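Work through the exercises below with the sequence and the model open. Each one sets a task and then solves it step by step.

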Amino acid sequence: MLTDAEDPRMADYRALTDLALRTRFEPPHGLFIAEGELVVQRARRAGYRMRSLLIDRKRIAKHAGLAPADVPVYAASADVLEAVTGFHVHRGVLASYHRKPAASVDAVLKSARSVLVLEDINNHTNIGAVFRSAAGLGMDAVLLSPTCADPLYRRSVRVSMGEVFALPYAVLPTWPTGLECVRRAGFTVLALTPDEDATPVGELSDAHRARPALLFGAEGPGLSDEVMKTADVRVRIPMSRGVDSLNVAAAAAVACYAVSH
């Protein structure tokens with residue numbers, strides 16, 4: 001039982017709501033945080049190695065078994081957990097995991113038939129929601145521009161309900177020139193845009209759907225002009241009632257369904 005919020009054994013969990021601090025701390029230390037029983041279980045099933053488990057002392061009997069026998073399990077009161085993490089840990093369980101070595105783009109594309117490619121999506125909620133949609137709707141992998149948010153940041157992991165563990169992903173080292181390796185791998189690059197002169201997603205040909213690489217930009221600006229010029233086909237989701245576009249996570253769900261059915 002840990003009673004001191006400054007206990008060094010809880011260093012992995014400190015200030016979890018401080019994005020700048022966590023960004024500086026987690027990737028260099030090769031770790032990420034999973035929150036909630038289901039997400040912790042999915043990370044373990046996906047082959048990530050647990051560093052430690054931190055739980056609300058009231059839930060010791062229920063959650064202590066989430067950790068392998070050789071992994072330390074720490075328990076603390078709700079007040080101590082909040083002092084350490086910066087928020088009320090209402091799910092009562094957090095786990096620190098070792099990251100796996102980063103996958104290469106070539107390795108991710110080798111076994112994929114359909115991929116999502118994301119440009120400059122730096123909102124962690126959107127990243128998590130996109131991964132969840134992509135996994136649930138049959139996409140095989142996700143590629144990220146270098147400016148995208150970290151899929152293994154706690155909020156991304158939580159919003160995805162652990163589906164960030166289900167899909168292979170990689171960061172394209174150069175942008176947008178890195179898109180050429182996607183095309184060389186045999187994919188058709190389909191750039192999503194609200195422009196009226198783009199092809200409606202429901203009218204894509206079988207050839208376009210055979211090996212699709214769906215390309216999405218950030219909220220507001222969308223895809224950059226430079227990236228749009230690299231696309232094989234510009235694609236839009238037809239809208240009604242004067243609505244110009246969907247949130248990127250919703251648009252990704254619609255497009256994933258459209259190209260896979």
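## Exercise 1: a buried acidic residue

A polar contact of 3.2 Å joins the side chains of E35 and R158. The model is a predicted one.

**Task.** Place E35 in the fold, decide whether E35 is buried or exposed, and list its side-chain polar partners.

**Solution.**
1. E35 belongs to strand 1.
2. Its relative accessibility is 3%. Buried means under 20%, so E35 counts as buried.
3. Beyond the neighbours within four places in sequence, E35 is in contact with F87, R91, V93, L94, R154 and R158.
4. Two of these contacts involve polar side-chain pairs: E35 with R154 at 2.8 Å, and E35 with R158 at 3.2 Å.
5. For a distance within the chain, take A76, which is 41 residues from E35 in sequence; the two C-alpha atoms are separated by 15 Å.

## Exercise 2: the four-stranded sheet

**Task.** Give the strand order of the open sheet of four strands, name its edges, and describe how helix 1 and helix 2 lie on its strands.

**Solution.**
1. The order is 1-4-2-3, and the pairing is mixed.
2. Strand 1 (31-35) and strand 3 (73-76) pair on one side only, which makes them the edge strands.
3. On average, neighbouring strands of the sheet are turned by 20° against each other, with direction ignored.
4. Strand 1 and strand 4 (residues 93-98) run antiparallel and are joined by five bridges. Within this pair, A34 is opposite A95.
5. Helix 1 (residues 19-29) lies across strand 1 and strand 2 (50-56), at about 110° to strand 1.
6. Helix 2 (residues 37-45) lies across strand 1, strand 2 and strand 4, and runs at about 20° to strand 4.

## Exercise 3: strand 5 and its partners

**Task.** Find which strands pair with strand 5, and in which direction they run. Then follow the pairing onward from strand 6.

**Solution.**
1. Strand 6 runs parallel to strand 5, with four bridges between them. V115 is opposite A141 in strand 6, and L118 has L144 as its bridge partner there.
2. The connection from strand 5 to strand 6 passes through helix 6, and this β-α-β crossover is right-handed.
3. Strand 10 (residues 212-216) is also parallel to strand 5 and is joined to it by four bridges. Here V115 has A213 as its bridge partner.
4. Strand 6 in turn pairs in parallel with strand 7 through three bridges; L143 is matched with A170. Strand 6, helix 7 and strand 7 form a right-handed β-α-β unit.
5. Now look at the side chains. In a regular strand they alternate between the two faces of the sheet. In strand 5, V115 and V117 point one way, L116 and L118 point the other way, and all are buried. In strand 6, A141 and L143 point one way while V142 and L144 point the other, and all are buried.

## Exercise 4: helix 6 from end to end

**Task.** Compare the span of helix 6 with the expected value, describe what lies at each end, and list what its buried residues pack against.

**Solution.**
1. Helix 6 (residues 124-136) has 13 residues. From its first C-alpha to its last it reaches 18 Å, close to the 18 Å expected at 1.5 Å a residue.
2. At the N-terminal end, N123 is the cap: one of its side-chain oxygens lies 2.9 Å from the backbone nitrogen of T125.
3. Just after the helix, G138 has a positive phi of about 90°.
4. The buried residues of helix 6 are H124, N126, I127, G128, V130, F131, S133 and A134.
5. Their packing partners are helix 1, strand 5 (115-118), strand 6 (141-144), helix 7 (154-159), strand 7 (169-171) and helix 11 (248-260).

## Exercise 5: a loop residue before strand 5

**Task.** Locate S114 and decide whether S114 is buried or exposed.

**Solution.**
1. S114 sits in the loop between helix 5 (105-110) and strand 5.
2. Its relative accessibility is 8%, so S114 counts as buried.
3. Apart from neighbours within four places in sequence, S114 is in contact with G138, M139, D140, A141, F187 and P212.
4. Two of these residues have appeared above: G138 has the positive phi just after helix 6, and A141 stands opposite V115.

Notes. Residues are numbered from 1 along each chain as its sequence is written. This is a predicted model: local features need pLDDT of at least 70, side-chain atom pairs count only at pLDDT 80 or more; totals for chains, interfaces and linings use all residues. Side-chain values use heavy atoms; hydrogens and water are left out. Two strands pair if DSSP finds at least two bridges between them. Helices (H or I, at least four residues) and strands (E, at least two) are DSSP runs, numbered from the N terminus. Axes are lines fitted to C-alpha atoms, for helices over the stretch in contact, and angles run from 0 to 180 degrees between N-to-C directions. Contact means heavy atoms within 4.5 Å. The expected span of a helix is 1.5 Å times one less than its number of residues. Buried means under 20% relative accessible area, exposed over 50%, partly exposed in between (1.4 Å probe, protein chains only). A polar contact is a pair of N or O atoms within 3.5 Å; within protein, one must be able to donate a hydrogen and the other to accept it, and residues adjacent in sequence count only if both atoms are side-chain atoms. A crossover is right-handed if, with the strands pointing away from the viewer, the path from the first strand over the helix to the second runs clockwise.
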